[in-house]
Amino acid sequence: HLDRVLGKHPPSASVVKLPTPPTLRGAKRHDVTICGAGFAGSVLARQFAEVSGKRVLLVDRRPHVAGNAFDCLDDAGVLIHRYGPHIFHTNSDDVFAWLGRFTEWRPYEHRVLARVGGKSVPMPINRTTLNALYGLDMQSDAEAEAFLARKAEPVADIRTSRDVVVNAIGTELYETFFQGYTRKQWGLDPSQLDKSVTARVPTRTNTDDRYFTDKHQAMPREGYTRMFERMLDHPGIELALGTDFHDLKPAERGALTVYTGPIDAYFGHRFGTLPYRSLQFRHETLDRAQFQPVAVVNFPAEDVPHTRITEYKHLTGQVHARTSISYEYPSAEGDPYYPIPRPENQALFRRYDALAAAEPNVIFAGRLGSYRYYNMDQVVGQALAIHRRLTARQPAADAM
Ligand code: FAD
Ligand code: UDP
């Protein structure tokens, strides 16, 4: 059936603009229904409309596109990221080129400082960090390597986010940089989290102070929202914002559905709620041109309630007499932002995933649909691969 849905037909020349939610009811005018206008849903909407010639209905319950990557001008006219700092980085030429059809890029390499013991030091930990913290003057990688080797406390079986850090740099540095931050961010001790979480942040013996080392590091020149608007500007795509997918009747859905919301919500939480971590943001505009020397400053100390402060002008390159910042306060309540990687959550996800595999003509994708701590580029890569896989099945179906 999926293959029939994907059978190519030219995009309709006169697609009626789908109006506001109430009039969605009634005649079905689309082939593919997509829940969620973030990266996963929007990339698939474009691919289905443009490559497969399908009519796509894309719904999002929020009043805007771009999902958590949404950016907008605040009251002062400063471009901010409503849901926290989004820095684009990827090693994939394909992903970078595909998105590049919808935006120009502004080269940007992300740098982060951590506030520890009254000092601001580079994070990820590098030789500069170690020299500043311990009053040393190490000049070579070899010296820093030897220093860390003396600090490291080997762990035989590395499973948790504590193991992976203590094994590499020892308890002291772990406690200074990771323990408090992680407890605040996740509401869990690092020993209760999968190693993949803190393994996202490397330790270096050189003086490279970039947060990422990917081949491509850049920001969409006019912002993420503008990039999404261009991506979704196709006659085969109808967008219904402020529309909850769960309010659509089954008869109003196309023959194929793509669902990028929380997978447990799709199935009515029937096995229980999958935990997601949320954040509260405090956005502020200041009457000065600059607040901090880099885009993000991390606060690992457990007695400081926020985890980090972002100053957006560093990310966007905007020139403005004022500046806007946001504080992040992790929380259990609120929009689902982060799947929480730990074995019991993975086990619960697998039960939902088994239901998903058996659900006819529904594809689950994205960070929430896959319950994976994906970066933006990974979500784009996943969406492109899903579309490619479905399209590749096409010739076989045609031959039947
Ligand atoms: P989302 O962006 O979450 O989109 C899902 C959409 O589905 C939402 O708009 C939601 O409203 C909608 N939806 C859900 N349920 C329904 C429903 N029932 N009906 C209608 N609509 C529904 N990645 C990076 O690469 N670099 C970064 O620097 C970075 N920083 C981040 C910082 C924060 C604070 C967070 C939370 C994430 C960050 N990410 C970053 C990750 C990035 O946000 C995700 O990889 C990406 O946005 C996921 O896209 P998505 O489409 O899967 O999900
Ligand atoms: N982390 C930490 N201290 C830091 C930075 C990161 O302990 O100064 C840990 C923390 O558990 C965090 C994880 O490493 O959740 C991944 O960090 P990253 O910056 O990738 O988080 P994100 O930007 O996805 O929120």
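**Exercise 1.** Find which residues of helix 2 are buried.

*Solution.* Start with the list: Phe39, Ala40, Gly41, Ser42, Val43, Leu44, Ala45, Arg46, Gln47, Phe48 and Ala49 are buried in helix 2. Buried means under 20% relative accessible area (1.4 Å probe, protein chains only). A helix here is a DSSP run of H or I with at least four residues, numbered from the N terminus. Now count: eleven of the twelve residues in helix 2 are buried, so the helix is mostly covered.

Before going on, note that this is a predicted model, where local features need pLDDT of at least 70 and side-chain atom pairs count only at pLDDT 80 or more, while totals for chains, interfaces and linings use all residues. Residues are numbered from 1 along each chain as written, chains are lettered from A and ligands numbered from 1 in written order, and side-chain values use heavy atoms, without hydrogens and water.

**Exercise 2.** Check the span of helix 2.

*Solution.* Take 1.5 Å times one less than the number of residues. For twelve residues that should give 16 Å, and the end C-alpha atoms are 16 Å apart, which agrees.

**Exercise 3.** Work out which backbone atoms approach ligand 1's oxygen atoms, and how much of ligand 1 is covered.

*Solution.* Look for polar contacts, pairs of N or O atoms within 3.5 Å. A backbone N or O atom of Ile87 sits 2.7 Å from a ligand 1 oxygen; for Tyr374 it's 2.8 Å, and for a polar backbone atom of Asn68, 2.9 Å. Then the cover: protein hides 96% of the 1,000 Å² of accessible area (Shrake-Rupley, 1.4 Å probe) that ligand 1 has on its own.

Note on methods: A polar contact is a pair of N or O atoms within 3.5 Å; within protein, one must be able to donate a hydrogen and the other to accept it, and residues adjacent in sequence count only if both atoms are side-chain atoms. Helices (H or I, at least four residues) and strands (E, at least two) are DSSP runs, numbered from the N terminus. Buried means under 20% relative accessible area, exposed over 50%, partly exposed in between (1.4 Å probe, protein chains only).
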